[in-house]
Amino acid sequence: MFEKVLIANRGEIALRVLRACRELGIRTVVVHSSADAQTLPVRLADETVRIGPAASRQSYLNAAAIVEAARQTGAQAVHPGYGFLSEDADFAEICAENGLIFVGPPPQVMSALADKSTARALMSKAGLPLPPGSVETLSTAADALDVAAELGYPVIVKAAAGGGGRGMTVVRSAAELPRAYARTRAAAQVAFGDDRVYVERYLADARHVEVQVLCDNHGNGVHLGTRDCSVQRRHQKLVEEAPAPALRRSTLDTLAATALRGALSVGFTGAGTVEFLVDEAEQCHFLEINCRIQVEHPVTEMVTGVDLVHEQFYVAAGTPLRLRQEEVRLRGVAVECRVNVEDPDRDFAPTPGRLDRFRPPGGPFTRVDTHGHVGLLVSPHYDSLLAKVAVWAPDREGALDRLDRALGEFEVTGPGVRTTIPFVRRVLRDPAFRSGRHTTGLVDRLLTPAAEPSAAPAAEPTAAPAAGPVEAPAGLAARADADPAGRTPVTAAPAAATRRTR
């Protein structure tokens, strides 16, 4: 196992990785921007390095500064968390060239899967079902119109290099397509430096279901069940749960086996997520493979008892996979919501500011992953995620009730600060969501002024899988504590790399 790891991220995921390192006896180096100098991950780290100003392009996206910090502090590996450089194949390659282990798949695998067009072709070859659409990218609007005419509207124009919910435009008629095609290409060039796009049939009434996989460097792999992530705004997830509800057992088994086959076919290693759309007939359509730990990984940990970050480190260190498929058992139901500092009444506009009051919930089988504390200045420079609240219960109804109770206890206040908590509680009480029959259109429906509460369709007798035994899941993590007393951070620019040792 590694002796020292550099954590190339911020916020709750940096804290999550730091805690895993501490449990494994690994010393930590946390890099940070000037805006994050007083944050909880920095205060808890064994060593810190300031790598740049607040702007992420000059700090958390500055690969040279991060690698230099790792070299100067003697780190052996780099954990990228999610977002930022976590799926950047060039960064992974730079790490390797400098003798650093990148905690993730090999650069060539990341590169192939980052290109959505290439990934679609690879997964099609492995036998995974694709949504109807173009396998190759489309070089002209005329090509896009030809494909759309064959598919039928609505369609969705997607950036080949897209990700994180960006680089997608839904088109409902031929008249809209040329402009949408040009706009998506221009946005993709700005966001990803790659303007290639392709077109798929848009599945309006579908579920977003994903499968967690773990693969090692020795050809072994397991899946850890499904997650439903259908509650989304602007293709960004708000509520996630494991296992995916109201699907036939045969559908769940097919998704899991198909996902693992696809990951192994391309030499994937580490923790990854294979994402699908599932239509009303429970036909599955491959979307993408994410080469990193997911924001929603806690729900999988809670129903399996497997610490995914621990397993990432073991795989990166060359250890053969420590569990076999028959040892993976799903127990009960876990549901997570993201607490973002956003105002749902203003199209989820960010509302950064200083937290005057911050009291996360507690109670049995309740986990809160957060870097929040009283006095934290929620920065406008980064993602608005403040906390994740995840709960476990023996059945789905109990889990939803527990999450609603927990959110009712969560206090977050500050000048101008708003959160998504009230909106998520609306979701939890929606009849379609309560029955597990919701789709990715749920949030838009709730935000439509004239929308009436939907009557939940009756569930099929075979829809919900058995919850399994009612034992508590292993390894439930406690919530993040407030600022630990007596730790004052010392930071330095990469050139100096001043160390702080506890």
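**Why these words fit**

Visitor: Why is Glu282 counted as buried?
Guide: In this predicted model, Glu282 has a relative accessibility of 10%. Buried means under 20%, so Glu282 counts as buried.

Visitor: What makes Glu282 and Arg248 a salt bridge?
Guide: Their side chains meet at 3.7 Å, N to O. The cut-off is within 4 Å, so the pair qualifies. Glu282 sits in the loop between strand 12 and strand 13, and Arg248 in the loop between strand 11 and helix 9.

Visitor: And why is Arg248 called partly exposed?
Guide: Arg248 has a relative accessible area of 29%. Partly exposed lies between the limits of 20% and 50%, so the name fits Arg248.

Visitor: How do you know whether Arg429 is buried or exposed?
Guide: The relative accessible area of Arg429 is 51%. Exposed means over 50%, so Arg429 is exposed. Its salt-bridge partner is Asp404, at 3.2 Å, N to O. Asp404 lies in helix 12 and Arg429 in helix 13, so the pair ties together parts 25 residues apart in sequence. At 15% relative accessibility, Asp404 counts as buried.

Visitor: Why are helix 4 and helix 5 called roughly antiparallel?
Guide: They pack at an angle of about 175°, with their axes 8 Å apart. Angles over 145 degrees count as roughly antiparallel, and helix 4 and helix 5 therefore earn that description. Ala89, Ala92 and Glu93 of helix 4 meet Pro107, Met110 and Ser111 of helix 5.

Key. Residues are numbered from 1 along each chain as its sequence is written. This is a predicted model: local features need pLDDT of at least 70, side-chain atom pairs count only at pLDDT 80 or more; totals for chains, interfaces and linings use all residues. Side-chain values use heavy atoms; hydrogens and water are left out. Axes are lines fitted to C-alpha atoms, for helices over the stretch in contact, and angles run from 0 to 180 degrees between N-to-C directions. Helices (H or I, at least four residues) and strands (E, at least two) are DSSP runs, numbered from the N terminus. Angles under 35 degrees count as roughly parallel, over 145 as roughly antiparallel, 65 to 115 as roughly perpendicular and the rest as oblique. Contact means heavy atoms within 4.5 Å. Buried means under 20% relative accessible area, exposed over 50%, partly exposed in between (1.4 Å probe, protein chains only).
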